[in-house]
2 protein chains.
Amino acid sequence: MLNKQVTIKDLARKLRLSVSTVSRALRDVQDINPETKRQVLALAKELNYEPNFIARSLVNKQTKVIGVVLPVIAARYFANALSGMMEVADANGYHIMFCQSDESPEKEASNIKKLVSIRIDGLLVSVSKCTSDTEIFQKVQQRGIPVVFFDRALEHIDATKVTVNQHEGAFLAVEHLIRKGCTKIAHIAGPRHLSIAIDRMNGYLDALQKYNIPFNKEYLLHCEDFQYDAMEKIQALFNLEEKPDAIFTVNDSIAVLCIKYLKELGIRVPEDVAVVGYNNDPVSEVVWPALTTVMQPSFEVGKLATQLLIDEIEQKSTQHFHKVLSSELIVRSSS
Amino acid sequence: MLNKQVTIKDLARKLRLSVSTVSRALRDVQDINPETKRQVLALAKELNYEPNFIARSLVNKQTKVIGVVLPVIAARYFANALSGMMEVADANGYHIMFCQSDESPEKEASNIKKLVSIRIDGLLVSVSKCTSDTEIFQKVQQRGIPVVFFDRALEHIDATKVTVNQHEGAFLAVEHLIRKGCTKIAHIAGPRHLSIAIDRMNGYLDALQKYNIPFNKEYLLHCEDFQYDAMEKIQALFNLEEKPDAIFTVNDSIAVLCIKYLKELGIRVPEDVAVVGYNNDPVSEVVWPALTTVMQPSFEVGKLATQLLIDEIEQKSTQHFHKVLSSELIVRSSS
DNA sequence: CTGTTAGCGCGTTCAC
DNA sequence: GTGAACGCGCTAACAG
């Protein structure tokens, strides 16, 4: 059963060549007799030879493996980013090994240690919500392993980062509501300590300012736990005397909750209150009315981050960038 | 910058021991002086020594890497299965390297070749919709690499399989509709060549039979492309003279389409027509009315498949099983 | 253009 | 209990 793997040695013996000649023939490197090369390649194909990555890694001191740590793969956004990574990795002869942190800094750290111990050539990471310590990432860098942050990056660390312009996405969303004639625009924001949530909130505030719409602090509510405390915030909003005529939410799930709740109250969407979400989650298409939302270029983020990482690994680039990608507003019937 | 990795050799030199003694001390194996062992372990910790996986793999001829090939990671079902796999792999000292086939048999094959070439110890695979050839999987087995199929398995191959009882899930769904008093139950089925779709259809048929409800062939429609031709099927259904009073669909997206369409026609769900889907997709919770659906134990499938694979890798078990897990009906307001 | 030698980091005989 | 020697499969340095 154990169909012993054919090695470079087997080829050498059958061809009465030295292993090094075979090795050279297999990669197209240095000067080698075209005829010899032909023979080696032919036999390799015939015997179904496949180079042993492990042995090659050992001598080259590079594994061609890129480690990825992200919060949770079941989130569509990260699944798409990962797909983008795999595409670029594949095209450059790299493999991806990924882990999930489940939003736990501890699990994140242990994943990183594990990946480093397998001798990854580079690390792509989107930090958990609660990660603030840069130490572990610096240690990885000190080992000579390049680190690129994607989507969620730490501020105080010198590394390449690929993120999405949250401020701009939120600005677009609110600007859209304003142009639709809304003037009492509420925002259900995310946790105060999460930078993407803060950025979106600032986009909201700046859009109001630009269009000279006075800010009403009663219209700004924070969900510290995302969805879990969302419903009470929504209810609070509609217990106000001056009810809003539009709601911009930090994500689609909360927007969907809003729509449901408004329906129960008999408030029409978008006639009485317009709703705009964030993420272009699959639910945004199926809810009724279909949700206007902001789509982030997750696939592109994954691709770009990986390309920049590979450039660093292969020393094509040695400086660190911070690339910020734009989002797109997808207008549907909820606004 | 290149913080050179400390090796077993460094430890040996500093301790004036031979590398083999250090090697033995590091693993707890053979007879070794407890005191020597203590010293080695202490120094290893101090110098932050980490065994080199690559070198170890080369001599042990095992990489502790499990390859996973699945259709698409953006599908919640597979993301959950993968999470289950990572949990079990982690607990047993294995790593997971996964690839997506994007439902293409060609990409599936090239992924498998790639994984085999990095010398995975075992392979977990859920085949693409169009895969029918068993050859490539047999080749993998012949190389001595155990293969376990999960969720979607090929019939004519001798390998361990972990699947979900589609027939039972469908049966439960239809039985539920019958108990609710529905008698004109339609089924929008999936592609005729896809075994999970066939199984669900048979579950539908058998439930009707068991409860002596005559089968009306006008009530059974196939979507060969899943969602893409779903809408016309739904419309066909409601152009019939004898309209159904319930619809059971092969997946949630189609069920959601049904609900939307019924709303447009002014038909009430569930009062006039009940709807039941399949998969417990996130959309099933947010649609209105919330969708009754069948939840598959995807996480469990991943865990079990991985455990059985590891058992095979480690020769704890040599026979092949076919484990079939049960699904659960989740009753919500659409039925 | 090709063969010889050496070594990547570690595990596994053997002796001692 | 410990060390020397060899090999895993492959690449790199140096001769020739």
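Here is a short tour of a predicted model, one selection at a time.

**Stop 1: the domains of chain A**

Start by colouring chain A by domain. The assignment gives domain 1 (8–51), domain 2 (63–164 + 298–325) and domain 3 (166–295). Turn on the C-alpha centres of domain 1 and domain 2 of chain A if your viewer can show them: they lie 37 Å apart.

**Stop 2: the six-stranded sheet of chain A**

Now show the strands of chain A and look for an open sheet of six, in the order S2-S1-S3-S4-S5-S11, with parallel pairing. Which strands stand at the edges? Select 95–100 for strand S2 and 322–325 for strand S11; each has a single partner strand, so one side of each is left without a neighbour in the sheet. On average, neighbouring strands here are turned by 15° against each other, direction ignored.

Next, zoom in on strand S1 (residues 65–70) and strand S3 (residues 122–125) of chain A, which pair in the parallel sense over four bridges. To see one opposing pair, click A:Ile66 and then A:Gly122 in S3(A). As background, strands of a sheet pair through backbone hydrogen bonds, either parallel or antiparallel.

**Stop 3: strand S6 of chain A**

Select residues 185–189 of chain A. Is strand S6 enclosed or open? Five of its five residues are buried, that is, under 20% relative accessible area, so the strand is largely enclosed by the rest of the structure. Show the side chains and you can check both faces: A:Ile185, A:His187 and A:Ala189 are buried on one side, and A:Ala186 and A:Ile188 are buried on the other.

Then add the partner strands. S6(A) pairs with strand S8 (residues 246–249) of chain A in the parallel sense, over four bridges, and A:Ile185 has A:Ala246 as its bridge partner in S8(A). S6(A) also runs parallel to strand S7 (residues 220–222) of chain A, joined by three bridges. Here A:His187 stands opposite A:Leu220.

Before leaving, add helix H9 (residues 195–210) of chain A to the selection. Together, S6(A), H9 and S7(A) make a right-handed β-α-β unit.

**Stop 4: over to chain B**

Hide chain A for a moment and look at the open sheet of four strands in chain B, with the order S7-S6-S8-S9 and parallel pairing. Its edge strands are S7 (220–222) and S9 (274–276), each pairing on one side only. Neighbouring strands are turned by 15° against each other on average, direction ignored.

Pick out strand S6 (residues 185–189) of chain B: three bridges join it to S7(B), and the two run parallel. B:His187 is opposite B:Leu220. Now bring in helix H8 (residues 166–179) of chain B, which lies across S6, S8 and S9 and runs at about 170° to S8(B).

**Stop 5: a leucine in a loop**

Click B:Leu47, in the loop between helix H3 (34–46) and helix H4 (53–60) of chain B. At 21% relative accessibility, it counts as partly exposed. Leaving aside neighbours within four places in sequence, B:Leu47 is in contact with B:Val6, B:Leu11 and B:Lys14. Try a distance to B:Gln5 as well: the two are 42 residues apart in sequence and 9.7 Å apart in space, C-alpha to C-alpha.

**Stop 6: where the chains meet**

Finally, show both chains. The contact takes 47 residues from chain A and 48 residues from chain B. Between them, the chains bury about 4200 Å², 60% of it on carbon and sulfur atoms. Highlight A:Ile54, A:Arg119 and A:Arg143: they supply 16% of the area that chain A buries against chain B, more than any other three residues.

Technical notes
Residues numbered from 1 in each chain as written. Chains lettered and ligands numbered in written order. Predicted model: local features only at pLDDT ≥ 70, side-chain atom pairs only at ≥ 80, totals over all residues. Heavy atoms only, no water. Buried < 20%, exposed > 50% of the residue type's maximum accessible area, 1.4 Å probe, protein only. Pairing = 2+ DSSP bridges. Right-handed = clockwise from strand over helix to strand, strands pointing away. Axes fitted to C-alpha atoms, helices over the stretch in contact; angles between N-to-C directions. Contact = heavy atoms within 4.5 Å. Domains from an automatic or database assignment. Buried area = accessible area lost by both parts, 1.4 Å probe.
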